[in-house]
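The following exercises are to be worked with the sequence and the three-dimensional structure at hand. Each task is followed by a solution in steps.

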Amino acid sequence: MSTTIPSTMHAWRKHKGNMEAVWEEIPVPTTPPTGFLIKLIASGVCRSDHNLLTNEVQPPWFQPAFTLGHEGSGTIVAIGSQVPTDSGFRIGDEIALLAVPGCGKDDCTECSRELQQLCAKGHHSGIGEDGFYAPYATIDVRGAVKIPKGVTPSQAAVATDAVTTAYHAIHRRGEIKKNETVFLFGLGGLGFNALQIIKAIGAKVLVSDVKQENLDEAIKIGVPVEDLVPVGKSVQEWVVERGWSGKIDVVADFVGTKQTFDDAQYIVVRQAGRMLCVGTLNHENTVHMKVGIRKRLSIIFSYGGQTRDLKEALDLIAQGVLNPQVADGKLADFPKVLKELEAGKVTGRIALLHE
Ligand SMILES: [Zn+2]
Ligand SMILES: [Zn+2]
């Protein structure tokens with residue numbers, strides 16, 4: 001495949017001191033020695049883009065100006081000189097792009113403990129360093145996963161964050177098993193993926209969400225109506241009335257309000273149960289020491305995901321087990337799409353398509 005790669009391109013960028021995304025002309029990046037130059041196909045828009053634009057208290061790796069976009073899929077157009085020839089990647093391959101694959105070095109305190117998503121040294125695409133709201137981007141070979149047959153570029157793009165984060169939480173952190181009962185709070189972008197991942201495991205899942213339309217989506221994918229807490233009903237009462245007291249092994253909290261965190265500790269989760277925390281709607285919640293100790297609870301936090309999670313998530317999508325909600329938009333419309341997302345007008349995710 002021969003492609004003429006231009007020398008400059010337009011990208012949506014964050015400039016320190018400016019809370020609006022800037023559409024500006026920048027050089028097309030050069031191919032990194034241990035990675036690829038990618039021609040983007042689709043870029044997923046995430047609520048955290050708003051935070052990246054407006055919150056300037058950020059980790060030290062943040063550049064004064066950088067290209068936004070941390071969910072992407074694209075085509076390999078150039079391969080770095082140090083990428084092993086047996087890497088399995090070729091020019092023309094369509095791949096999903098994991099924004100934070102870590103540095104992968106043996107002496108890295110995070111990567112050596114399999115905590116790549118917490119590594120400060122590797123590249124962070126769209127999170128303080130150049131990302132995917134541009135026609136071209138780079139990716140380290142460790143952040144690249146081939147898109148399996150049957151997965152669209154838009155699905156692959158949103159799989160890199162919204163699905164991978166949910167997958168990591170449910171499988172690696174929550175270690176949810178087939179014979180367990182899970183109570184899931186929240187069917188937003190991440191929570192709806194979590195629901196499908198839990199169902200794929202075969203565990204029993206009970207669901208609470210404040211929006212009826214989200215519960216309707218759950219019914220559509222086969223969750224029995226009796227396993228959904230009616231909107232407006234007290235979760236603690238519902239659990240007692242339905243006979244679930246003392247039977248719920250894990251509460252997966254994709255909301256993270258004081259209410260959900262309290263509900264989980266007091267009534268919902270059984271003795272020696274796990275509370276899996278992913279949502280952060282309230283920045284502070286209360287741990288009830290006597291409840292937690294008497295019930296011998298485990299509180300588990302989860303953040304981000306890894307290449308292996310992305311790979312397994314893409315396989316589940318290819319098998320039709322997981323179907324991330326995604327609609328297509330245009331790269332030029334990024335600010336408008338972000339505002340709609342902020343206003344709660346979007347169900348699932350939007351992927352911006354490149355020309
Ligand atoms: Zn995100
Ligand atoms: Zn590292």
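**Exercise 1.** Is I197 buried or exposed?

*Solution.* The model is a predicted one, in which local features need pLDDT of at least 70 and side-chain atom pairs count only at pLDDT 80 or more, while totals for chains, interfaces and linings use all residues. Residues are numbered from 1 along each chain as its sequence is written, chains are lettered from A and ligands numbered from 1 in the order in which they are written, and side-chain values use heavy atoms, with hydrogens and water left out.

Step 1. Buried means under 20% relative accessible area, exposed over 50%, and partly exposed in between, with a 1.4 Å probe and protein chains only. I197 has a relative accessible area of 1% and is therefore buried.

Step 2. I197 is found in helix α3 (residues 189-201). Helices are DSSP runs of H or I with at least four residues, strands are runs of E with at least two, and both are numbered from the N terminus.

Step 3. Contact means heavy atoms within 4.5 Å. Leaving aside neighbours within four places in sequence, I197 is in contact with V163, A166, Y167, I170, H171 and L322.

Step 4. As a long-range reference, the C-alpha atoms of I197 and G80 are separated by 35 Å, the two residues being 117 residues apart along the chain.

**Exercise 2.** Determine which residues coordinate the zinc ion (ligand 2), and classify the arrangement of the donors.

*Solution.* Step 1. Donors are N, O and S atoms within 2.8 Å of the metal (3.2 Å for Na, K and Ca); water is not among the atoms, so sites may look incomplete. For the zinc ion (ligand 2) the donors are the SG atoms of C103, C108, C111 and C119, at 2.3 to 2.4 Å.

Step 2. Four donors count as tetrahedral if all angles lie between 85 and 135 degrees. The four donor atoms around the zinc ion (ligand 2) subtend angles of 104 to 114°, so the arrangement is tetrahedral.

Step 3. Along the chain, the donors of the zinc ion (ligand 2) follow the spacing C-x4-C-x2-C-x7-C. Within this set, C108 and C119 are eleven residues apart, both in the loop between β6 (94-98) and β7 (136-140).

Step 4. C119 counts as buried because its relative accessibility is 2%, and C108 is buried as well. Apart from neighbours within four places in sequence, C119 is in contact with G102, C103, C108, E110, C111 and H124.

**Exercise 3.** Examine the salt bridges of D130, D140 and E312, and state how accessible the partners are.

*Solution.* Step 1. A salt bridge is a side-chain nitrogen of Lys or Arg within 4 Å of a carboxyl oxygen of Asp or Glu. A search of the whole structure yields 17 salt bridges.

Step 2. D130 pairs with R13, with 3.2 Å between the closest N and O atoms. The pair links the loop between β6 and β7, where D130 lies, to strand β1 (residues 8-15), which holds R13, across 117 residues. D130 is partly exposed because its relative accessibility is 38%, whereas R13, at 10%, counts as buried. R13, E24 and D130 are linked in a network of salt bridges.

Step 3. D140 forms a salt bridge with R142, the closest N and O atoms being 3.4 Å apart. D140, at 22% relative accessibility, counts as partly exposed, and R142, at 29%, counts as partly exposed too.

Step 4. In the salt bridge between E312 and R172 the closest N and O atoms are 3.1 Å apart. E312 lies in helix α8 (residues 307-318) and R172 in helix α2 (residues 153-173), so the pair ties together parts that are 140 residues apart in sequence. E312 counts as partly exposed at 31% relative accessibility, as does R172 at 24%.

**Exercise 4.** Describe the length of α8, its buried residues and what they pack against.

*Solution.* Step 1. The expected span of a helix is 1.5 Å times one less than its number of residues. With twelve residues, α8 reaches 16 Å from its first C-alpha to its last, close to the 16 Å expected.

Step 2. The buried residues in α8 are T307, D309, L310, A313, L314, L316 and I317. An α-helix has 3.6 residues a turn, so residues three or four places apart point the same way.

Step 3. The buried residues of α8 pack against β6, β8 (144-146) and α2. Just after α8, G320 takes a positive phi of about 80°.

Terms used:
Tetrahedral: all angles 85-135°; square planar, octahedral: opposite > 155°, others 65-115°.
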